Each structure stands twice: as structure tokens, then as C-alpha cells.
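Visitor: Hello! I am new to this structure and would like a close look at a single part of it. Could you start with one residue and lead me on from there?

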Amino acid sequence: MAAHISTLSLPRLLVAAKNASLHARWQAVAHSAVRYSTVPVPQEKHVWVDVGKSEGADSSNLSFPQTFDKILIANRGEIACRVMKTCRMMGIQTVAVHSDVDASAVHVKMADQAVCVGPAPTNQSYLNMDAIMEAVRSTGAQAVHPGYGFLSENKEFARRLAAEGVAFIGPDTHAIQAMGDKIESKLIAKAAQVNTIPGFDGVVETVEDAVRIALDIGYPVMIKASAGGGGKGMRIAWNEEETRDGFRFSTQEAASSFGDSRLLIEKFIDNPRHIEIQVLADKHGNALWLNERECSIQRRNQKVVEEAPSTFLDADTRRAMGEQAVLLAQAVQYSSAGTVEFLVDSHKNFYFLEMNTRLQVEHPITELITGLDLVQQMIRVAKGYPLLHKQEDIPINGWAIESRVYAEDPYKSFGLPSIGRLSQYQEPLNLSNVRVDSGISEGSDISIYYDPMISKLVTYGATRAEALSKMEDALDNYVIRGVTHNIPLLREIITHPRFISGDISTNFLPEVYPDGFKGHQLTAGGQRELLASAAALHVSAQLRAQTFLGTLRVSASSQERRRWDLCVELGGERHPVVVSRTGQTYTVEVGGESLVVSGEWDLASPLLPLKINNTPRMLQCLSRTASGDICLQYLGTSFKVRVLSPLAAELSSFMPEKVPEDTSSILRSPMPGSVVAVSVKPGDTVAEGQEICVIEAMKMQNSMTAAKTGKVKSVHCKAGETVGEGDLLVELE
Amino acid sequence: MAAFTVARSSSRLISGFRTSFGGLARVKHGVVAATASQVSLQQQCRRYAVGQLSVKERIDKKRQEALLGGGQPRIDAQHKKGKLTARERIELLLDPESFVEYDMFVEHRCSDFGMEQDRNKFPGDSVVTGQGRINGRLVYVFSQDFTVFGGSLSGAHAQKICKVMDQAMMVGAPVIGLNDSGGARIQEGVESLAGYADIFLRNVLASGVVPQISLIMGPCAGGAVYSPALTDFTFMVKDTSYLFITGPDVVKSVTNEDVTQEELGGAKTHTAVSGVAHYAFENDVDALLNLRDFFNFLPLSNQDAAPVMESHDPSDRLVPAMDTIVPSETTKAYDMLDIIHAIVDEKNFFEIMPSYAKNIVVGFARMDGRTVGIVGNQPKVASGCLDINSSVKGARFVRFCDAFNIPIITFVDVPGFLPGTAQEYGGIIRHGAKLLYAFAEATVPKITIITRKAYGGAYDVMSSKHLRGDVNYAWPSAEVAVMGAKGAVQIIFRGKDSQAEAEAEYVEKFANPFPAAVRGFVDDIIEPSTTRKRICRDLEVLASKKQVNPWKKHANMPL
């Protein structure tokens with residue numbers, strides 16, 4: 001599973017699949033209390049892409065066999081809504097569980113019945129087995145769908161349900177248990193003839209040993225310190241000579257860094273991709289593989305963009321992977337939907353990572369290309385029906401791409417959580433072939449208690465290019481206000497030449513953005529478009545500000561003007577712009593070129609559909625102030641511009657620069673969250689880099705450190721308190 | 001003797017030539033010898049003989065001088081302080097080329113302390129006045145010129161201001177004052193004080209007739225502060241403007257307090273602590289551009305209806321997010337601004353006094369293009385209770401709206417008046433009465449929405465039906481009662497055991513909109529998502545509302 005591949009904390013060449021140790025290293029920085037896929041997620045209007053071709057593939061959509069009368073969904077957000085959608089289609093009553101802060105959440109409103117299972121913290125509500133069991137009993141639900149995360153892979157929960165004769169919509173307890181243990185699952189996989197990462201589990205004693213083992217495993221290999229961490233004592237070797245050198249250096253480094261010179265050798269996976277196979281099995285020994293999902297674009301072990309199928313697999317590799325996945329599923333008598341995760345190297349060698357015994361976050365893309373409704377299949381299987389399909393019935397129709405839209409700031413290590421109220425929210429549902437799985441609506445709060453995912457934005461096309469271009473449109477049309485979101489990053493990823501060509505790996509983000517994500521970099525032409533749009537928007541707003549309706553006692557002087565000289569500031573630079581207008585069309589001269597910008601100029605709409613030199617562009621106006629500041633979202637990234645008259649621009653240069661407060665002596669919370677621990681008290685002397693307090697937000701603990709050495713003047717937070725972004729935590733003298 | 005007299009009387013004319021005559025012009029009037037006068041007299045006659053060119057030249061010269069105010073070095077000094085000149089400010093505030101200047105040739109009349117000297121005379125003196133347009137609409141402005149005697153107020157200066165104010169009153173158009181003045185022109189003594197009083201009087205007479213706005217863009221100290229205080233809105237510029245009765249030096253000598261100018265009377269102090277100013281802008285440019293925007297909310301005078309602008313926001317837009325905005329627990333806070341932003345046109349809300357008495361929110365917005373005044377309790381701050389400061393803040397705003405025909409929309413979530421000795425000793429009774437008074441007296445369209453709590457006397461105060469609210473709505477989450485359930489039960493069932501039960505009964509009975517609805521104290525219980533639509537429709541109907549209070553010389557508001 002992805003959580004084991006650190007893509008950030010290590011130099012890219014050293015990434016390997018010795019999962020546990022790398023994972024531990026990452027955790028030292030910021031640990032995920034729950035793994036990525038335990039993420040509960042949102043969804044409201046559940047829009048299925050109209051995939052015409054695949055309708056015939058699943059004829060069962062039309063008539064539903066008797067399954068259950070009532071299903072309780074032990075989850076929240078997107079996935080709860082997703083499951084209810086299918087239940088509703090199948091004529092099954094639904095029961096929602098919710099924490100008290102979720103009382104008016106979308107999934108609660110969508111359900112036929114809802115039960116509050118406790119206060120906001122997940123361990124007191126969505127993980128509160130007693131309360132959920134009580135909810136099952138009181139509502140008379142016959143089955144429970146756990147979604148993903150929370151209790152979905154909890155064998156105890158499955159066992160308790162079974163004991164009460166309630167169906168668990170997922171695999172049996174023993175399969176959950178077998179696949180839940182990392183070592184055991186590898187052993188089972190090995191025994192089932194599934195490829196696992198070759199390596200030598202013992203300690204390598206001598207250079208000759210190393211060479212022999214390396215030869216056994218096959219180059220390239222990775223030599224690393226048994227006690228290792230942070231890339232120290234790690235070497236990649238592509239041949240015998242490098243193995244010898246590597247052994248020597250690594251021994252020395254390991255000894256000096258860790259005081260322990262023992263080394264391990266394992267296969268080095270170069271440019272690893274994360275590709276997983278969806279499997280579906282029934283309780284009668286039948287199992288299918290439903291093709292792959294490419295999930296290599298990740299940050300901090302969390303998937304960001306997924307697609308199905310993968311650009312990388314050929315039919316043979318796909319079949320080989322699929323067959324191995326099915327073998328594994330059968331080896332543990334797996335039933336229901338599950339996912340077998342593989343690492344794939346640049347030579348299409350693939351190695352088993354782990355199996356997820358639940359519905360996966362990114363399951364929609366598989367649904368779109370196969371035409372199957374996985375939730376419906378899970379419910380059927382849980383009832384005991386045999387699979388309807390044969391392997392040869394499983395098609396790959398077209399291409400599907402999923403972007404995970406998160407409430408987080410992509411400019412801070414590819415995404416630090418942000419919270420807030422969705423003051424405005426509009427999904428791009430006006431577009432065809434777009435599916436949005438979300439569990440929130442306008443007015444919803446993204447709180448610190450749960451995963452910050454806003455939605456899964458899925459687009460479909462006959463070809464990958466079509467799906468990608470649809471994704472661009474969908475991201476441009478997606479209106480999210482009130483929380484910081486990662487659409488800038490998503491849009492950059494899906495338009496990056498490397499991504500378009502399919503040249504990706506789990507290291508994609510750190511490789512493409514070695515200095516962190518900086519947003520869209522404007523080309524000269526893009527900059528002209530942005531400046532022209534801002535100038536035209538400004539003029540149309542100015543014109544409206546002079547439009548008073550009704551009869552006026554003192555007549556207003558008319559301001560017939562056809563030409564405006566303006567000065568547009570962008571990133572500290574001033575650009576002279578000349579705007580002339582005929583009707584709704586503005587001709588803007590900027591940077592020696594003339595651009596024709598036309599549109600509806602609806603100043604109330606968050607979307608600003610324009611035609612620039614006849615090319616349609618969907619911009620968004622994020623804010624517009626009376627003093628000329630305009631914030632426009634252009635190609636996914638928001639840009640701040642200021643449009644002023646030449647006079648105002650000239651006079652602006654006399655305005656004093658406001659000195660920002662000295663931030664080295666104050667510590668502010670970089671994100672909303674709760675204070676886990678405060679390590680200092682007033683009067684303490686702290687050294688630069690010393691931990692001052694720990695803030696937990698969503699699933700991450702972040703250590704706040706002193707920016708300089710000094711004495712603590714005052715502490716403004718205490719453990720257990722909730723803090724907002726920018727709140728003052730500690731002041732130094 | 002006669003010659004001498006002639007020489008004297010002509011000296012004024014001569015001064016007009018001072019630049020063209022070069023060295024001669026620098027001769028100080030007071031020391032002009034008779035002979036010298038005669039020489040200049042001859043020269044002057046010669047100039048006249050040339051024709052009218054000289055007058056035109058003089059006009060041009062004067063104008064040139066007037067445009068330069070106190071001269072380039074002082075202009076540079078002004079810029080260095082991060083401030084614009086009086087004329088630059090007017091140019092930015094008004095539509096291009098719309099400014100019509102008055103009294104450009106007025107000079108001060110002081111003849112003491114060497115003030116009569118030529119170098120101490122500046123055409124236009126220390127203020128620029130006139131009229132112009134903001135987005136096409138008429139406005140009268142005066143802009144004090146700090147580069148001339150530190151913007152100090154002379155008799156002439158005051159006279160110029162009075163002239164535009166008088167005309168503004170006659171025409172029915174707002175007055176905007178851009179204040180940047182060191183204070184009284186000390187050399188003029190009582191003349192300057194008289195000038196202030198003349199302005200104060202006009203401020204008072206214009207109050208409620210035309211909107212008056214003061215933008216403090218520099219110092220404004222001593223008696224001068226009372227002019228902004230009398231106007232409807234006082235805006236300030238951060239870091240460069242100050243308002244105080246006495247400066248830090250005097251404070252130190254009288255009360256021995258150490259205080260900086262900024263702490264004593266800066267924008268932060270007055271917008272957050274004293275409540276003297278209504279808003280603080282970042283800098284001069286920001287302030288003036290925003291003032292243009294603000295001006296669009298206001299009618300020109302009390303004879304005009306609230307302006308209606310073209311709006312792109314559909315008046316029947318539903319706001320689904322409103323259905324979930326009020327938390328189910330009655331003790332939990334939410335942000336009233338979220339409601340306001342979601343309901344008004346294009347989320348455009350100009351909040352007045354956003355940093356002062358934050359438990360009440362007031363400001364301007366538009367509904368279907370029409371300016372409205374919004375008043376709302378803010379549950380996020382002090383549970384939205386009414387206290388001294390919030391009552392006064394709300395009352396002044398309501399009275400402005402009423403004076404200028406701006407409909408008032410009130411969002412109510414108020415648990416009552418704030419208890420405690422601080423409030424009682426401070427006179428909450430007297431101050432709370434102001435808000436009550438203002439709402440009761442107002443005859444503009446009044447629409448009230450009870451979003452949640454409306455407890456006790458505060459329910460009555462907040463534009464209730466009983467105070468002539470035209471349309472009063474309750475959301476399903478509304479609770480109109482004398483007090484919260486717990487307190488009520490403790491009183492009704494004092495000393496009895498079954499309090500929990502009684503509390504439940506009380507909640508059942510009063511913690512909902514029905515008690516008010518069955519009595520007709522609210523006109524309807526509405527789905528929150530339809531609030532915008534309902535308000536827009538009601539405003540259309542109420543546009544022709546006519547209501548007149550009994551004749552009186554003036555009312556006696558509890559001050």
C-alpha cells in the first residue's frame with residue numbers, strides 16, 4: 001500500500017519498498033494516525049457518468065434481486081453518500097450514523113434514518129463500535145457497509161456483526177485478518193505464487209556475500225543499513241563493482257551514523273509506480289480482476305490523481321497482475337471487493353505490496369471503465385449471490401481519471417490541511433462525463449476532526465486525452481470558496497507534459513517540483529491573457545458602478561467613455577494597458593499585443609466564462625475590491641492583480657510599505673488544529689529549532705519549533721485547545 | 001500724504017506681480033518706502049497700459065501657485081510621510097476632470113505676527129474646496145492642505161468650507177471632508193475659533209439633511225475633532241491619521257500618562273477602542289478608492305430614496321446553506337456575517353465599525369440593487385448580547401438609515417442585555433434605550449428576521465413587531481421567550497424538585513417560533529433558504545411605505 005512508500009523524505013533514487021522502516025522515518029516528521037485510505041470522504045449529488053457503451057455489461061442494474069431491506073452505513077461523508085446512492089437505486093432503506101457535529105451533514109440528510117453515535121472525535125463516534133452496534137440493533141439494519149477507513153478493516157467489528165447475525169458488506173473476518181498483517185500477507189502471497197519484492201532478510205556479512213546475494217536478487221539492488229534512516233547508509237548498485245563499493249561505503253556510513261554496521265540487501269525498484277488491481281470475489285470461490293488503477297501520483301503517501309487504465313501496462317502484464325491478484329484472493333477465500341496493490345518497476349516487473357480488504361477511495365474510475373457498480377456487487381456478494389460476470393465480460397471502456405479535491409494548501413509541502421466553511425460551493429455538474437463524489441454542500445464545515453477531502457472529481461472519456469481535457473474543464477468550473485483547496489496543484493499535474501506522456505512514478509511530485517509547488521508559471525501569452533481579463537473585468541465593474549436605476553433628483557453626469565488607460569500590477573510589476581469597448585467585447589492592448597476579450601460579465605457569478613481571442617477560457621473571480629485588487633483563478637492558480645488608473649498607480653508609489661510584523665519572535669499556528677502538547681512555559685530559554693508545541697490537524701502532528709534562540713515571553717495556547725490558522729501560539733522576547 | 005495712501009492701496013495689486021518683477025516683488029509691504037511705492041506705481045501703470053494680458057497672467061500665476069499649495073518642498077515632505085496632497089486626494093476621489101473648484105483665490109486675512117507678509121499668503125489658503133462627481137453623482141468636497149501652514153484653520157479656510165456646505169445643503173448633495181490639519185491658525189486667535197464654530201453649526205444643520213463623511217488623513221486635533229464627530233461617518237487612514245482632543249505632550253503634563261500619538265488617537269484606537277471612527281483604511285489611495293465605493297450606497301440627501309443600482313444577483317436566489325447555518329445546540333455560536341454575506345447581493349457588505357462592539361454587526365449592502373442597512377446580533381462575540389457599546393453603535397447606524405430613507409434589515413439572535421456592575425454603572429439602561437429609541441422612531445421599511453434567540457427586553461428592542469417592524473420573520477430555529485429555559489424554570493419553579501422536567505416543558509413551549517407566531521408577533525415562519533427571496537419581495541412592496549411620526553420640534557432621545 002502506498003502508505004509505505006515515502007516519496008518525500010528520501011532522495012528519489014533511494015526510494016525502495018522496504019516499507020516498514022521508511023514509513024517509520026516519515027512518521028518522525030509527521031505521522032499519520034490513520035492511513036490514507038481510511039479517509040472518510042464527502043459526496044452529495046452523486047453523478048454517474050453516462051457511459052453509454054458499458055450499459056450492457058451489467059444487466060443486473062435493471063433488476064435487483066432481493067438482498068437486504070435496510071443497510072446501515074458505518075461511515076460519513078462522500079463514501080456514505082456513495083453507498084446510499086446505490087442502496088436507494090436497489091430499493092434498500094439506509095441508516096446513517098453520525099457524530100454530533102455531523103448532525104446536519106449531507107449523508108445524514110440523504111439517509112432514511114440517522115443515529116447519532118457520539119461526539120466529534122472519531123474514536124468516540126465513527127470508531128465507537130458499541131454505539132454503532134446499538135444503532136444496528138435499534139434500527140433493525142440487516143447489513144452494515146463500512147465504506148473505507150474507520151471500521152472497514154476491523155476484524156473485531158466484522159466478528160461482532162457476525163455474532164449478531166448482521167451481514168458485514170466486505171470480506172470475511174479471516175481474510176481481513178490474513179491481509180491485515182504485513183508479514184503474514186507477504187508469506188501468503190509468496191505461497192500463492194504472487195511476486196513479492198526479492199530481498200535477503202538476514203544480515204549480510206561480507207562483500208562476497210553481498211555480491212552473491214545481489215546476483216541472486218538481480219540488479220539493481222539496494223544496500224541499506226539495518227538500523228538505517230534518512231537515506232544514510234544507503235546505496236543503489238547496478239552491477240557487481242557498485243555492489244562492492246556500495247557495501248564498503250554503506251558499512252562505514254552505517255557504523256558512523258548508527259553505530260551499527262549491519263546491512264540488508266533488497267531489490268531496488270527504480271521509478272516505482274503504484275498500480276493496483278481491483279478484484280471482486282463471491283462466497284462460492286469465484287473471483288474476477290476488474291483491471292488496474294494507476295495511483296502513482298502521491299504526496300505524503302496519499303494518492304492525489306488516479307486513473308484507469310494505466311498508460312504503462314500492456315495486455316500481458318495486466319493479465320499477469322490480474323491473475324496473480326485473483327490467486328491471492330482465492331488463497332484467502334476472499335469475498336466482496338478488494339484491491340491488490342503492486343509496485344511496478346520501469347521494466348514492468350511487478351511486486352506485491354499489500355491487499356486492501358475494502359472498497360477503495362478511487363473505485364469510481366474502475367466503475368467507469370468497466371460499467372460495474374462495485375457497491376451493488378458488494379451487496380449482492382454479501383447476500384450470498386454468485387458473481388454475475390465472467391472474466392471475459394470485464395471490459396476496458398474508455399479512460400477515467402480521478403482527482404482528489406482536498407481542503408488543503410498545496411503550496412505547503414504539496415498540501416497542509418485547511419479548514420473552514422464552504423461559503424460557496426458549486427460542482428462542475430453542468431459538464432457531461434463528469435462525476436463528483438462528495439459528501440458536502442455549500443455551507444458545510446470542513447472541520448479539524450475528519451479528513452479534509454472535499455470530493456473526488458472523476459472525468460471520463462473515450463480516450464485518455466478526452467478524459468484529461470474534460471478534467472481541465474471540470475477543475476476550471478469547480479467553485480470552492482471559504483477553504484483553501486488543491487485545485488491549483490491538480491490542474492498543474494494533469495497538464496504537465498510528463499503526466500500527459502504517462503511518464504510518472506511515485507516520485508513524480510518531488511521530482512517535478514523539487515523546491516515545492518509554486519502554482520502555475522505564467523507564460524508571456526498567459527500573462528497577457530490574465531492582464532487583459534483583469535483589465536476588462538475592472539472596466540465592466542466600473543461601468544456598472546455608474547449605473548443608477550430610477551429617476552434621480554439630481555441628474556448624474558453621463559460618462560461616455562470608450563477608452564481606458566489603466567495600469568495593471570502583477571507580482572510587483574506594472575503593466576500599462578489600454579482598454580476599448582464595444583458592447584460586451586473589450587479590446588485590450590497589453591505588452592505590444594491586442595487581445596479581444598468577450599464575455600457575459602456577470603459580476604455576481606463566481607465563474608467568469610470568457611473568450612480571449614476566440615479561445616474559450618473559464619476564469620473565476622475570487623475577489624474584487626473597490627481599491628482595484630482583483631483575485632482571479634486562471635488555469636487553476638489564483639493570481640492577485642491590481643488594476644488602477646495611471647494616476648492612482650502613480651500616487652500609489654508614495655504609499656508607505658507596511659512593515660510586516662517580525663515573525664521570528666512569534667509563533668503562529670500555520671494551520672487550524674488542536675494543540676497536542678506545549679513544551680515550553682514563560683521564562684524558558686529555547687534554542688533555535690527546539691520544539692515549542694505540537695499541533696495536530698486532521699491526521700498529522702506537526703512540531704512547531706523556535707525560529708531563533710530566545711526566552712519565552714508568553715504562551716497563548718495550552719494542550720487540548722483548538723487553534724485557528726494564524727493564531728498566536730507563543731511569543732519570544 | 002495722498003501719494004502715500006495711493007501707494008498703500010496699490011500695494012495689494014503690486015503683490016500680484018511679485019514674480020514677474022523679480023527682485024522688486026520681494027520688497028516687503030510693510031517696509032515699502034514712499035519713493036519705492038511711487039516707482040512701482042509707475043511701473044504698474046505701464047503694465048496696465050499694455051492691456052489685459054497682465055490680469056490674465058496674474059490669474060494664471062495665481063492658479064499656478066494655488067495648485068502648488070505650500071510649494072514643492074512641502075509637497076515632497078507630505079509624500080515622504082506617505083500622504084498625498086490635498087489636490088491629489090480630490091483627483092483620486094472624484095471622477096476624472098469632474099472637479100469644479102471654488103475660492104481658489106481666497107487668502108487669509110490675518111495681519112498679525114507677520115502673517116500679512118507676502119510669503120505667508122497662499123492663494124486658496126490651507127484648504128481646497130469645490131464640487132465634483134463620484135460615479136457621476138454630485139458631491140461637495142473640501143480637502144485640507146497640510147502643506148499650507150500645516151493645514152491650520154484660518155477664518156478664510158473656515159469660510160471656504162462653509163461655502164461648500166451651504167451650497168450642498170441648498171442643492172441636496174453630500175459633503176465629504178478630507179481632514180489633514182494641525183488645528184487652529186493660532187495667529188488668527190478667536191477668528192479661527194469662530195471658523196470652527198461656523199463649521200460645527202453647519203455640520204449640525206446639515207445632519208440628517210445631506211450625508212456628511214469625514215476622512216481623517218492626517219492630524220485632526222483639539223476643537224477640530226468635533227467636526228468629524230458631528231458628521232455621519234468618520235473614516236481614518238492607518239498609521240498616518242490621528243484624532244485627539246489634546247496631544248501626548250499635554251496628556252503627559254496633565255495626567256502624567258505616557259502615550260504615543262498612535263495609541264492615543266490612531267486609527268486602531270478609534271476603530272477598536274473608542275468607537276469614534278467607523279472604519280480604517282490602509283493608506284490614502286486605498287481610502288479614497290474605497291470611499292468612492294462607499295459613496296454609491298448613499299442617497300444624495302434626505303429627499304432621495306436609497307439608490308438602486310444594476311444588480312446581477314437574482315432576487316429570487318435561494319440560499320440552501322442557510323438551512324444548516326444555525327447549529328442545533330442553542331449554546332453554539334455561528335457567524336452572523338456568514339448569513340449576511342450569503343443573503344445580500346453579490347456578497348458585498350460594507351461593514352461599519354467592524355472592530356468595535358463586535359457583538360453587533362452593522363453595515364450597508366444591497367438587495368436586488370437597492371441599498372439597505374443591515375443590523376445583526378453576532379452570536380460569535382459575547383453570544384451576541386447587547387451592551388452599552390453595541391447599543392450605541394447600533395442606534396447611531398439605525399438613525400442614519402432612517403434619516404436617509406435606507407430600509408433596515410435586522411437579523412436577531414440575542415440572548416439579552418449583558419448583566420453586571422460594569423454595565424449598570426456605565427448606564428446600560430440609558431444607552432440600551434438609545435437602540436430601542438432608534439428602532440421605534442424609524443419610519444423606513446423595517447424587516448426583521450429572528451434566526452435564533454430573541455430573549456427578554458432585547459427581543460423588543462431588536463426591531464420587533466411592537467416597534468413597528470413592517471415584516472417580521474422567524475426561522476424554524478427561532479426562540480422568542482423572556483429568557484432561556486434554565487433561568488425561566490429556576491424562577492417559575494423555585495425550590496421545586498422536578499426542574500429538569502419543567503425545563504423540558506418550557507423548551508417545548510417556548511423554545512420555538514410558535515408562541516410569537518400564534519400571536520402575530522412574527523408574520524411568518526420561513527425556510528431560511530428563502531430569506532433572500534422574501535426580503536427582496538418585501539422591499540419592493542415597502543418601497544412606497546409612508547409613515548409619519550407626530551409633529552415635534554425634535555425628539556428628546558436619551559443621550
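**From one leucine outward**

Guide: A:Leu416 is buried, with a relative accessible area of 11%. Residues count as buried when that value is under 20%, so A:Leu416 belongs in that group. Please keep in mind as we go that this is a predicted model. You will find A:Leu416 in strand β17 of chain A, which covers residues 416-417.

From here, let your eye travel to A:Leu374. The two residues are 42 places apart along the chain, and their C-alpha atoms are separated by 31 Å. A:Leu374 brings us to helix α12 of chain A, made of residues 374-383. This helix is mostly covered, since nine of its 10 residues are buried. A:Leu374 is one of the buried residues, and others among them are A:Val375, A:Met378, A:Ile379 and A:Val381. The buried residues of α12(A) also include A:Gln376, A:Gln377 and A:Arg380.

Have a look at the two ends of this helix as well. At the N-terminal end, A:Asp373 acts as a cap: one of its side-chain oxygens lies 3.0 Å from the backbone nitrogen of A:Val375. Just after the helix comes A:Gly384, with a positive phi of about 105°.

A:Leu374 has another link for us to follow. A:His363 touches A:Leu374, and further residues that A:His363 touches, beyond four places in sequence, are A:Ile79, A:Arg82, A:Arg293, A:Arg435 and A:Lys456. A:His363 itself lies in helix α11 of chain A, residues 363-370. It is buried, with a relative accessible area of 0%. Its side chain also has a polar partner: a polar atom there lies 2.8 Å from the backbone oxygen of A:Gln360.

Now let us step back to the chain that holds these pieces. Chain A has 18 helices and 40 strands. Of its 733 residues, 58% are buried. Its accessible surface comes to about 27,500 Å², and carbon and sulfur atoms account for 49% of that. Among the contacts in chain A with a separation of 6 or more, 67% are between residues 24 or more positions apart.

A pair of helices in this chain deserves a stop. Helix α13 (residues 464-477) and helix α14 (residues 487-495) of chain A pack at an angle of about 160°, with their axes 10 Å apart. The two are therefore roughly antiparallel to each other. Their crossing is left-handed. Where they meet, α13(A) contributes A:Leu468, A:Met471, A:Glu472, A:Leu475 and A:Asp476, while α14(A) brings A:Ile487, A:Leu490, A:Arg491, A:Ile494 and A:Thr495.

Some backbone details of chain A are also easy to pass by. Most residues other than glycine have a negative phi, and most peptide bonds are trans. A:Phe150, however, has a positive phi near 45°. It is found in the loop between β4 (143-145) and α5 (155-163), and at 15% relative accessibility it counts as buried. The peptide bond from A:Tyr219 to A:Pro220 is cis, with omega near -5°; A:Pro220 sits in the loop between α8 (207-217) and β7 (221-229). Another cis bond, also with omega near -5°, runs from A:Ala308 to A:Pro309. A:Pro309 is in the loop between β12 (302-308) and α10 (315-331).

Let us finish in chain B. Its helices α6 (residues 155-171) and α7 (residues 190-206) pack at an angle of about 15°, with their axes 8 Å apart. That makes α6(B) roughly parallel to α7(B), and the crossing is left-handed. Residues that meet here include B:Ala158, B:Ile161 and B:Met165 in α6(B), and B:Gly195, B:Ile199 and B:Arg202 in α7(B).

Further along is B:Ser390, in helix α14 (residues 388-403) of chain B. B:Ser390 is buried, with a relative accessible area of 0%. Leaving aside neighbours within four places in sequence, it is in contact with B:Ala357, B:Asn359, B:Ile360 and B:Cys385. The C-alpha atom of B:Ser390 is 9.2 Å from that of B:His431, 41 residues away along the chain. One more turn of the view takes you to B:Met353, which has a positive phi near 55°. This methionine is in the loop between β11 (350-352) and β12 (360-367) of chain B, and it counts as buried at 6% relative accessibility.

Terms used:
Residues are numbered from 1 along each chain as its sequence is written. Chains are lettered from A and ligands numbered from 1 in the order in which they are written. This is a predicted model: local features need pLDDT of at least 70, side-chain atom pairs count only at pLDDT 80 or more; totals for chains, interfaces and linings use all residues. Side-chain values use heavy atoms; hydrogens and water are left out. Buried means under 20% relative accessible area, exposed over 50%, partly exposed in between (1.4 Å probe, protein chains only). Helices (H or I, at least four residues) and strands (E, at least two) are DSSP runs, numbered from the N terminus. A polar contact is a pair of N or O atoms within 3.5 Å; within protein, one must be able to donate a hydrogen and the other to accept it, and residues adjacent in sequence count only if both atoms are side-chain atoms. Contact means heavy atoms within 4.5 Å. Accessible areas come from the Shrake-Rupley method with a 1.4 Å probe; for residues, only the protein chains shown count as cover. Axes are lines fitted to C-alpha atoms, for helices over the stretch in contact, and angles run from 0 to 180 degrees between N-to-C directions. Angles under 35 degrees count as roughly parallel, over 145 as roughly antiparallel, 65 to 115 as roughly perpendicular and the rest as oblique. A crossing is left-handed if the near helix is turned anticlockwise from the far one by less than a right angle, and right-handed if clockwise.
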